[in-house]
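Subject: Structure for your review

Dear colleague,

Please find below the structure that I am handing over to you. I would be grateful if you could read the notes that follow alongside it.

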Amino acid sequence: MSTYPEDLRELVDNYLDGLRFSSAPATAGLDEAMRYSLLAGGKRIRPVLALATARAIGIEPERVLPAAAAIELIHTYSLIHDDLPAMDDDELRRGMPTSHVKFGENVAILAGDGLFAEAMRLFTERQEGDPGRVLAALRELVTATGVGGMVGGQYVDVTELEGGGGGVDPDRLREMHSLKTGRLIAASVGVVLALRSLSEPETIPYRRFAEELGVLFQIVDDILDVTGSDEELGKPSGSDERHGKLTYVSAYGLDEARELASESHRKARAALSEAAAETDDLARITDFIHTRHT
């Protein structure tokens, strides 16, 4: 397994640990709930991607920590809401009780809402740079989060594509997951590109890489839901099948899903090879995501 850039993950974890969201006793419980989910661990793939992109294009990773942390706050909010009884109804996340199990459904909803709002505040208050570029970077993140991105993809997942793929064109799977999962992963790269003045041709390899990485991540996630243990996943395995979700495994079968993952891995690495920069950290992240399913 390729070495994950743990130095970048440590930067992210230390920064997140220093965040506080309430100074008032009346909302101390909300702060606790927000930090409970935010600090539950994980590889921090999205913010680490942002820091690795910064390093590749000549920005000190520490300079984009506010933007990277904002991405992780948004990701965490999405997990809290995905776990709710009205959505995936999961009781474990990263080996710990989910937010609604520990704090109640009402507080969990508010914790997710609070994390999204605090992500906006963090980005606008602390991310340094030319104001126009900071605004462009924030626009990239918000667009990836909304109806044309993560939230829209989740809507499609819980409505149109329910039922495990009966009569559903599997080709639509990539389109759905490019919204639900891929857009926020792509934004983890695109936000940092927007913070620096790069020509459009210079950004193309990174954007192609990020798009394919989002696909790779979702395919591997679908494979792990079938092949991984509860301990490895930090939540009950087989959740997608129990909920009748259309996945790469249900649409293509396990063996072909693995082939598709290998194909996306090759495409992501090929895109990186076209970047006129040192992209070792990005390559290591790509290899790490791919090897999770072996």
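The findings are set out below, from the whole protein to one pocket and then to individual residues.

Overall picture

Please bear in mind that this is a predicted model. The protein has 15 helices and two strands. Its chain of 294 residues has 51% of them classed as buried. The accessible surface amounts to about 13000 Å², and carbon and sulfur atoms account for 50% of that surface. As to contacts with a separation of 6 or more, 75% of them are between residues 24 or more positions apart.

The second largest pocket

Which helices each supply at least two residues of the lining of the second largest pocket? They are helix 9, covering residues 171-195, and helix 10, covering residues 200-227. The volume of this pocket is about 150 Å³. Its lining consists of Ser178, Gly182, Arg183, Ala186, Gly190, Arg207, Ala210, Glu211, Gly214 and Val215. By residue class, the lining comprises three nonpolar, four polar and three charged residues. Among the charged residues are Arg183 and Glu211, while Ala186 and Val215 are among the nonpolar ones.

Thr203

Helix 10 also contains Thr203. Is Thr203 buried or exposed? With a relative accessibility of 5%, Thr203 is buried, because the cut-off for that class is under 20%. Leaving aside residues up to four places away in sequence, Thr203 is in contact with Leu193 and Leu198. Leu193 falls within the range of helix 9, residues 171-195.

Asp90 and Asn106

Asp90 is located in the loop that runs between helix 4 (65-82) and strand 1 (92-93). Its relative accessible area is 5%, so Asp90 counts as buried. From Asp90 to Ile80 the C-alpha to C-alpha distance is 9.7 Å, with their positions 10 residues apart in sequence.

Asn106 belongs to helix 6, which spans residues 105-126. Its relative accessible area is 54%, and Asn106 is therefore exposed, since that class begins over 50%. Asn106 and Leu84 are 22 residues apart in sequence, and their C-alpha atoms are 10.0 Å apart in space.

In short, Asp90 is buried in a loop, Thr203 is buried in helix 10, and Asn106 is exposed in helix 6.

With kind regards

Note on methods
Residues are numbered from 1 along each chain as its sequence is written. This is a predicted model: local features need pLDDT of at least 70, side-chain atom pairs count only at pLDDT 80 or more; totals for chains, interfaces and linings use all residues. Side-chain values use heavy atoms; hydrogens and water are left out. Helices (H or I, at least four residues) and strands (E, at least two) are DSSP runs, numbered from the N terminus. Buried means under 20% relative accessible area, exposed over 50%, partly exposed in between (1.4 Å probe, protein chains only). On a 1 Å grid over the protein atoms alone, a cavity is a set of points where a 1.4 Å probe fits but cannot get out, and a pocket is an open set with protein on both sides within 12 Å along at least five of seven lines; lining residues have an atom within 4 Å of a point. Grid points are joined across faces, edges and corners, and a volume is the space filled by probe spheres set on the points. Contact means heavy atoms within 4.5 Å. Accessible areas come from the Shrake-Rupley method with a 1.4 Å probe; for residues, only the protein chains shown count as cover.
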